[in-house]
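Here is a short briefing to read alongside the model. Have the viewer open and follow the topics in whatever order suits you.

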Amino acid sequence: MSFLETMTNTMTGALGPFGPIILVGGLGLLIIVGAIMMMLRDKNDPLSKLNKTESRPSATSSKKEKLRRANANEQLEKYKSFLEPQDAEELSSMQLKLLQAGYQSRDAVRAFYLAQFALGITGLVLGVAYFTLVLNPENPTPTQMVQWVLGPGAAGYFLPKYWITRRVETRKEEIINGFPDSLDMMLVCVEAGQSLDQSIIRVAAELRASYPSLADEYEIVANEMKAGKDKSTVLTDMGERCGVTDVSSFVTVMNQSASFGTPIADALRVYSAEMRDKRVMRAEEAANKLPTKMTLATMMLTVPPLLLILVSPSVMNITQISAQ
């Protein structure tokens, strides 16, 4: 008997018929956990030791947070070839999708693929453990193995993608709902004598409580304008990050107003009125769809009790007559 057969018989006797699968899955999980710990652990380089020794108790928590993020960026930078797609077009598409989901960090793409990889392996290991330890079928079929072993792994792998997709849709809906109000407030600020930069800062502060995603976008625009970036480029980037047609049209209107020299207040007044009309039309459309959506529910909840009330006396009379 060879060494491989001896090991297989030993694992089968100790862990059951699926002992080799459990052992391989456990080793894979240990490798993944070890790789993640190696990526995230701190290196004892001289510069970090110097920063730790020279740090004072009066240092603010914000500086510590920045240092921690810098260390995490350095750790993820070492594995960029593994955690980022090599195709430039695919990388740009994923970066744009994460920006539209509200993840502004430069490590968002790497964190996304790391989450996909880790959740996929974790789901696969849990599926194997559940299939072998809980179900423990005597003669498993390929359908059962695919359902209980590969199913959790596939679910864990696609869970981050589903989360990002849902977050993008939720964020777009929030921006669409709050954009007309932001234009009205911006128009009031501009007509009161404030510049466009000051108006955007004020609108971002006022929208923080009700529409935080739109307030974040306005704050990014304000900070980029303060940094000296071209206003047209800043607005165009905002339209790409939001991914909303109304915002893209607003960016086009503002760029045309700046290039032709027309007053910003006039452009805002016309476009804000159009946005209010579009919001009213969206509300009317949703109201017109409501009766159609309620028809099936109304029939399911109304027709069976009505039939029961109308038919049950006749059924009882027929039953009594047949019994006599």
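Does A273 count as buried, partly exposed or exposed? With a relative accessibility of 27%, A273 counts as partly exposed, because the buried class ends at 20% and the exposed class begins over 50%. Please keep in mind that this is a predicted model. The protein chain holds 13 helices and zero strands, and buried residues make up 28% of its 324 residues.

**Overall picture**

- Followed along the sequence, the protein chain reads α-α-α-α-α-α-α-α-α-α-α-α-α.
- Of the contacts in the protein chain with a separation of 6 or more, 63% are between residues 24 or more positions apart.
- A273 has its place in helix α13, and its C-alpha lies 8.5 Å from that of D184, although A273 and D184 are 89 residues apart in sequence.

**Nonpolar cores**

- In soluble globular proteins, nonpolar side chains tend to be buried together.
- The largest nonpolar core here has 31 residues, and the members that touch the most others are F179, M186, I200, Y218, V247, F250 and L268.
- Two or more residues of this core come from each of α8 (142–191), α9 (196–207), α10 (212–226), α11 (231–242), α12 (245–260) and α13 (264–323).
- Another core, of ten residues, lies apart from that one and includes L98, A108, Y113 and I164.
- Leaving out residues up to four places away in sequence, I200 touches M186, Y218, V221, A222 and M225.

**A buried serine in α9**

- S199 lies in helix α9, and its relative accessibility of 0% is why it counts as buried.
- Setting aside residues up to four places away in sequence, S199 touches M186, C189, V190 and Q194.
- M186 is a shared neighbour here, since it touches S199 and also I200.

**How α6 packs**

- Two packed helices are described by the angle between their axes and the distance between the axes.
- Helix α6 (residues 88–100) and α8 have axes that come within 8 Å and cross at roughly 50°, so α6 is oblique to α8.
- On the α6 side of this contact are K97, L98, L99 and Q100, and on the α8 side are I164, T165, V168, R171 and K172.
- By type, the residues of the contact of α6 with α8 are four nonpolar, two polar and three charged.
- The axes of α6 and α11 come within 7 Å and cross at roughly 85°, so α6 is roughly perpendicular to α11.
- Here L96, L99 and Q100 in α6 meet E240, R241 and C242 in α11.
- The residues of the contact of α6 with α11 comprise three nonpolar, one polar and two charged.
- L99 and Q100 take part in the contact with α8 and in the contact with α11.

**Salt bridges**

- Side chains of opposite charge can pair when their charged atoms come close.
- A search of the whole structure finds 14 salt bridges.
- D107 and R110 meet through their side chains in a salt bridge, at 3.1 Å from N to O, and both D107 and R110 are buried.
- E217 and R241 form a salt bridge at 2.8 Å, N to O.
- This pair links distant parts of the chain, with E217 in helix α10 and R241 in helix α11, 24 residues apart.
- E217 and R241 are both buried.
- D246 forms a salt bridge with R282, and the closest N and O atoms are 3.6 Å apart.
- That pair also links distant parts of the chain, D246 being in helix α12 and R282 in helix α13, 36 residues apart.
- D246 has a relative accessible area of 7% and is therefore buried, whereas R282, at 28% relative accessibility, counts as partly exposed.
- Salt bridges that share partners join R171, E217 and R241 into one network.
- Two members of that network also appear in the α6 contacts, with R171 in the contact with α8 and R241 in the contact with α11.

Notes: Residues numbered from 1 in each chain as written. Predicted model: local features only at pLDDT ≥ 70, side-chain atom pairs only at ≥ 80, totals over all residues. Heavy atoms only, no water. Core = buried A, V, L, I, M, F, W, Y, C linked by side-chain atoms within 4.5 Å. Buried < 20%, exposed > 50% of the residue type's maximum accessible area, 1.4 Å probe, protein only. Helix = DSSP H or I, 4+ residues; strand = E, 2+ residues; numbered from the N terminus. Contact = heavy atoms within 4.5 Å. Axes fitted to C-alpha atoms, helices over the stretch in contact; angles between N-to-C directions. Parallel < 35°, antiparallel > 145°, perpendicular 65-115°, else oblique. Nonpolar A, V, L, I, M, F, W, Y, C, P; charged D, E, K, R; others polar. Salt bridge = Lys/Arg side-chain N within 4 Å of Asp/Glu carboxyl O.
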